[in-house]
Amino acid sequence: MPVDGCADNIFLLDNIIRGAQRQIKPVCLAFLKIAKAFDCVSHDSIARELRRLGVPSPLVHYIRVMYANISTILKVGNRRSDPIRCGRGVRQGDPLSAIQFNCVMDEVLVVLHPAIGYFVSKDLVVRCMVFADDLVLIASSAEGLREQVRKMRHCI
């Protein structure tokens, strides 16, 4: 069934904020722009996550080789730089790039501490939401939110 994930997340976020206000419960939010993260994802993170998700070894090896010797040259006016080795980022325009980035983001979501989040009910805790190229981390304390941000930054 097709759904609008962003609309669902906005509805849930609105309910969390209104519920916290109504119940006078603390809620801490961190809005993180992850669009630039496409440029920051380490190639090791991509390979590690592909292995964790059970991608066959020959395909992981192929992707590692594809990223092994990437370099770029800057051209300013008529001058060209020496080759600059690229050890981070996914290839722009490559159909695999979005999938690889989503795999790394899955790793981020998996490492978030399961006990830190906003408890909507005793059986439902919300730790984060993803909106297109934005990520919202949610916690019921500033300390918990800092811990989730730390865990997230360690992954990427």
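In this predicted model, L137 is in contact with residues from several parts of the chain, neighbours within four places in sequence left aside. Among them are C28, L29, A30 and L32. L112, R127 and C128 also touch L137, as do L145, Q148 and V149. L137 lies in strand 9. The relative accessible area of L137 is 0%, so this residue counts as buried, for which the limit is under 20%. L112 is 25 residues away from L137 along the chain. The C-alpha atoms of the two are nevertheless separated by 9.4 Å. Burial extends along the strand. Five of the six residues of strand 9 are buried, and the strand is mostly covered.

Strand 9 belongs to an open sheet of three strands. The order is 1-9-8, and the pairing is antiparallel. The edges of the sheet are formed by strand 1 (28-33) and strand 8 (128-131), each of which pairs on one side only. On average, neighbouring strands of this sheet are turned by 15° against each other, direction ignored. Strands of a sheet pair through backbone hydrogen bonds, in either the parallel or the antiparallel sense.

Strand 1 and strand 9 run antiparallel and are joined by six bridges. Within this pairing, L32 stands opposite L135 of strand 9. Strand 9, residues 134-139, also pairs with strand 8 in the antiparallel sense, over four bridges. Here V130 has L135 as its bridge partner in strand 9. F131 is partnered by D134 of strand 9. L135 thus appears in both pairings, opposite L32 and as the partner of V130.

Helix 1 (residues 5-23) packs on this sheet. The helix touches strand 1, strand 8 and strand 9. Its direction makes about 140° with that of strand 8. The length of helix 1 fits its residue count. At 1.5 Å a residue, its 19 residues should span 27 Å, and the end C-alpha atoms are 26 Å apart, which agrees.

The buried residues of helix 1 include N9, L13, I16, G19 and A20. These residues lie on the same side of helix 1, because they cover an arc of only 130° around the axis. An α-helix has 3.6 residues a turn, so residues three or four places apart point the same way. Strand 1, strand 8 and strand 9 are among the elements that cover the buried residues of helix 1. The cover also includes strand 6 (118-121) and strand 7 (124-126). The face turned away from the buried side carries I10, F11, Q21 and R22, which are exposed. After helix 1 comes I24, with a positive phi near 50°.

Helix 3 spans residues 43-52. Its buried residues are H43, S45, I46, A47, E49 and L50. G54 follows helix 3 and has a positive phi, near 85°.

Confidence varies along the model. The mean pLDDT of the protein is 82, and 90% of its residues reach 70 or more. Confidence is highest in strand 4 (residues 79-80), at a mean of 92. Helix 2 (residues 37-40) has the lowest confidence, with a mean of 66. Where pLDDT is low, the predicted coordinates should not be read in detail.

Notes
Residues are numbered from 1 along each chain as its sequence is written. This is a predicted model: local features need pLDDT of at least 70, side-chain atom pairs count only at pLDDT 80 or more; totals for chains, interfaces and linings use all residues. Side-chain values use heavy atoms; hydrogens and water are left out. Two strands pair if DSSP finds at least two bridges between them. Helices (H or I, at least four residues) and strands (E, at least two) are DSSP runs, numbered from the N terminus. Axes are lines fitted to C-alpha atoms, for helices over the stretch in contact, and angles run from 0 to 180 degrees between N-to-C directions. Contact means heavy atoms within 4.5 Å. Buried means under 20% relative accessible area, exposed over 50%, partly exposed in between (1.4 Å probe, protein chains only). The expected span of a helix is 1.5 Å times one less than its number of residues. The arc is that of the directions from the helix axis to the C-beta atoms. pLDDT is the predictor's confidence in each residue, from 0 to 100.
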